[in-house]
2 protein chains.
Amino acid sequence: MTSSICRSEKVSEPPENGGPPDSFHKWSKFCRKCGAGMSVVDEGDKTWRHMCINCKYIDYFNPKMVVGCIVEHEGRILLCKRGIDPCKGKWTVPAGFMELDESTAGGAARETYEEAAANVEIVAPYFHLDIPAIGQSYVLFRSKLAEPYTFSSGTETLDVKLFEPDAVPFQELAFSSVSIALRHYIEDLRDGRFRVHHAEIEKLPGSAPNDPHSFRLRNHMQFRIESS
Amino acid sequence: MTSSICRSEKVSEPPENGGPPDSFHKWSKFCRKCGAGMSVVDEGDKTWRHMCINCKYIDYFNPKMVVGCIVEHEGRILLCKRGIDPCKGKWTVPAGFMELDESTAGGAARETYEEAAANVEIVAPYFHLDIPAIGQSYVLFRSKLAEPYTFSSGTETLDVKLFEPDAVPFQELAFSSVSIALRHYIEDLRDGRFRVHHAEIEKLPGSAPNDPHSFRLRNHMQFRIESS
């Protein structure tokens with residue numbers, strides 16, 4: 001399995017009992033508002049915040065949303081071969097960080113256009129996957145390739161291909177979240193009925209973050225929907 | 001309708017054609033890593049970023065997730081009267097910003113405990129509502145009051161009550177997102193069958209952000225689910 005492991009997802013150090021991890025202090029050393037030094041304060045119940053020693057500005061760090069599309073065309077699934085690290089050379093669905101001025105669906109369509117030069121019609125939300133260990137929350141949509149039904153490699157992509165469900169290269173996927181979503185997608189395809197899914201990826205300490213055996217799927221809620 | 005309007009949601013200035021809005025420059029004036037000044041650069045297609053003039057660190061701003069619960073108990077809905085601004089004195093469902101080390105469902109349960117001292121069982125994701133104008137993405141869950149079935153006001157809450165669906169004070173709700181979610185929730189209750197919803201709130205320029213008439217619901221995707 002080693003060949004399928006890459007450092008795609010950086011697991012942050014767990015907080016120690018006595019305070020935040022050492023790395024926490026490096027996140028915000030200077031105030032982005034006034035330039036003074038930052039202190040680390042306990043807001044209560046060991047909720048650590050970065051606070052400016054001068055103007056008291058609090059620099060919040062919140063989870064980032066990753067938005068993307070499972071794109072279907074004539075029964076096949078569109079995947080992109082990554083042209084950049086992390087996981088250069090591995091396959092994934094088109095996805096990326098949501099921008100400030102867009103919706104999750106709009107961001108997912110934008111990422112698909114940037115990475116695969118493909119227009120899509122968003123069909124339904126499909127899988128919401130939280131990954132607390134890396135502060136990310138994935139929102140993946142079911143979608144269909146739209147006119148003019150073409151695709152090609154974007155600047156950060158080495159290759160784009162349509163895969164039959166049986167041929168999805170699970171051992172060469174970039175991210176555990178994508179692997180989980182595609183496994184359920186193919187299961188739903190075979191079932192002839194789609195579900196909506198919501199779950200959490202719990203990374204196991206001490207293993208490569210996207211090793212197929214280094215996580216547990218937790219609190220998986222899934223519901224069959226009436227129509228798609 | 002004026003009495004129900006409060007400045008709960010700050011609509012950011014739209015970007016001008018020639019560059020980012022003036023306020024953009026104030027978001028990040030100093031580098032949080034090295035303390036040097038920040039410049040504003042165009043990453044392409046007028047995607048503006050804050051970049052350090054010294055170490056080239058990019059200070060990204062991404063949407064923040066707001067997570068919360070629609071809590072049901074014996075056919076009634078739990079609402080909290082806000083004890084802090086924005087919208088002090090208005091009613092809402094328990095919700096707040098998701099923290100870095102938690103899941104959406106975990107964060108929604110935590111917020112419910114903080115604001116209403118209530119334990120909940122999360123039943124299903126219910127409404128995902130993006131609000132691009134304020135860089136927020138709401139994830140609201142259906143949930144049930146859990147043992148010991150008690151609730152009381154948290155430190156940021158003036159009152160907590162269970163409302164019959166017909167008695168939900170829509171004219172005294174704090175946020176447009178909560179108003180939309182509760183209207184659909186009550187519709188689904190009457191329908192006897194729940195849906196999952198995903199939509200976007202488009203704020204209309206020039207009006208108070210959470211005026212009941214100051215937004216449009218866009219790209220609403222909704223699906224009836226088989227069981228709850």
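# Exercises on salt bridges, rings and a chain interface

B:Arg224 has a relative accessible area of 33%, which makes this residue partly exposed. Keep that residue in mind for the first exercise, and remember throughout that the model is predicted.

**Exercise 1. Find the salt-bridge partner of B:Arg224 and work out which parts of chain B the pair connects.**

Step 1: look for the acid. The side chain of B:Arg224 meets that of B:Asp191, with N and O 2.8 Å apart. The cut-off is 4 Å, so the pair counts as a salt bridge.

Step 2: place both ends. B:Arg224 sits in strand 12 (residues 215-224) and B:Asp191 in helix 3 (residues 176-191), so the bridge ties together parts of chain B that are 33 residues apart in sequence.

Step 3: check the surroundings. B:Asp191 comes out at 38% relative accessible area, so this end is partly exposed, and B:Arg224 with its 33% is partly exposed too.

**Exercise 2. B:Glu187 and B:Arg195 form a salt bridge; is each end buried or partly exposed?**

Step 1: take the distance. The closest N and O atoms of B:Glu187 and B:Arg195 are 3.1 Å apart.

Step 2: classify each end. Buried means under 20% and exposed means over 50%. B:Glu187 has 44% relative accessibility, so it is partly exposed. B:Arg195 has 10%, so it is buried.

**Exercise 3. Decide what the salt bridge between A:Arg49 and B:Glu99 joins, and how accessible its ends are.**

Step 1: get the geometry. The closest N and O atoms of A:Arg49 and B:Glu99 lie 2.5 Å apart.

Step 2: locate the residues. A:Arg49 belongs to strand 2 (residues 48-52) of chain A, while B:Glu99 is in the loop between strand 7 (95-97) and helix 2 (104-116) of chain B, so the pair joins two chains.

Step 3: look at accessibility. A:Arg49 is buried at 8%, and B:Glu99 is buried at 17%.

Step 4: put the pair in context. Over all chains there are 32 salt bridges, and six are found across the interface of chain A and chain B.

**Exercise 4. Describe the interface of chain A and chain B: its contacts, its buried area and the elements of chain A that take part.**

Step 1: count the residues. On the chain A side 50 residues are in contact with 50 residues of chain B.

Step 2: get the area. About 4,200 Å² is buried between the two chains, and carbon and sulfur atoms give 57% of it. On the chain A side, A:Arg32, A:Leu100 and A:Phe223 supply 18% of the area buried against chain B, more than any other three residues.

Step 3: follow A:Arg32 across. A:Arg32 forms a salt bridge with B:Asp59, with the closest N and O atoms 2.9 Å apart. There's a bigger picture here: A:Arg32, A:Asp59, B:Arg32 and B:Asp59 are linked in a network of salt bridges.

Step 4: add the polar contacts. Across the interface, 26 residue pairs are in polar contact, both residues being at pLDDT 80 or more.

Step 5: name the elements. Those of chain A that give two or more residues to the side touching chain B include helix 1 (24-27), strand 4 (64-73), strand 8 (120-131) and strand 12 (215-224). Strand 8 of chain A provides the largest share, six residues.

**Exercise 5. Characterise the aromatic pair of B:Tyr126 and B:Tyr185, then look at other rings in the model.**

Step 1: start from the total. Over all chains the structure holds 12 aromatic pairs.

Step 2: read the geometry. The rings of B:Tyr126 and B:Tyr185 are 5.7 Å apart centre to centre, with 85° between the planes. An angle over 60 degrees counts as edge-to-face, so that's our class.

Step 3: place the residues. B:Tyr126 is in strand 8 (residues 120-131) and B:Tyr185 in helix 3 of chain B, so the pair ties together parts 59 residues apart in sequence.

Step 4: check burial. B:Tyr126 is buried at 1%, and B:Tyr185 is buried at 3%.

Step 5: look at other rings. In chain A, A:Tyr126, A:Phe127, A:Tyr185 and A:Phe194 form one aromatic cluster. The charged end of B:Arg142 sits over the ring of B:Phe194, 3.9 Å from its centre. A:Arg183 lies over the face of A:Phe170, at 4.2 Å from the ring centre.

Conventions
Residues numbered from 1 in each chain as written. Chains lettered and ligands numbered in written order. Predicted model: local features only at pLDDT ≥ 70, side-chain atom pairs only at ≥ 80, totals over all residues. Heavy atoms only, no water. Helix = DSSP H or I, 4+ residues; strand = E, 2+ residues; numbered from the N terminus. Buried < 20%, exposed > 50% of the residue type's maximum accessible area, 1.4 Å probe, protein only. Phe/Tyr/Trp six-rings, centres within 6.5 Å; stacked < 30°, edge-to-face > 60°. Lys NZ or Arg CZ within 6 Å of the ring centre and 35° of its normal. Contact = heavy atoms within 4.5 Å. Buried area = accessible area lost by both parts, 1.4 Å probe. Polar contact = N/O pair within 3.5 Å; in protein donor to acceptor, adjacent residues only side chain to side chain.
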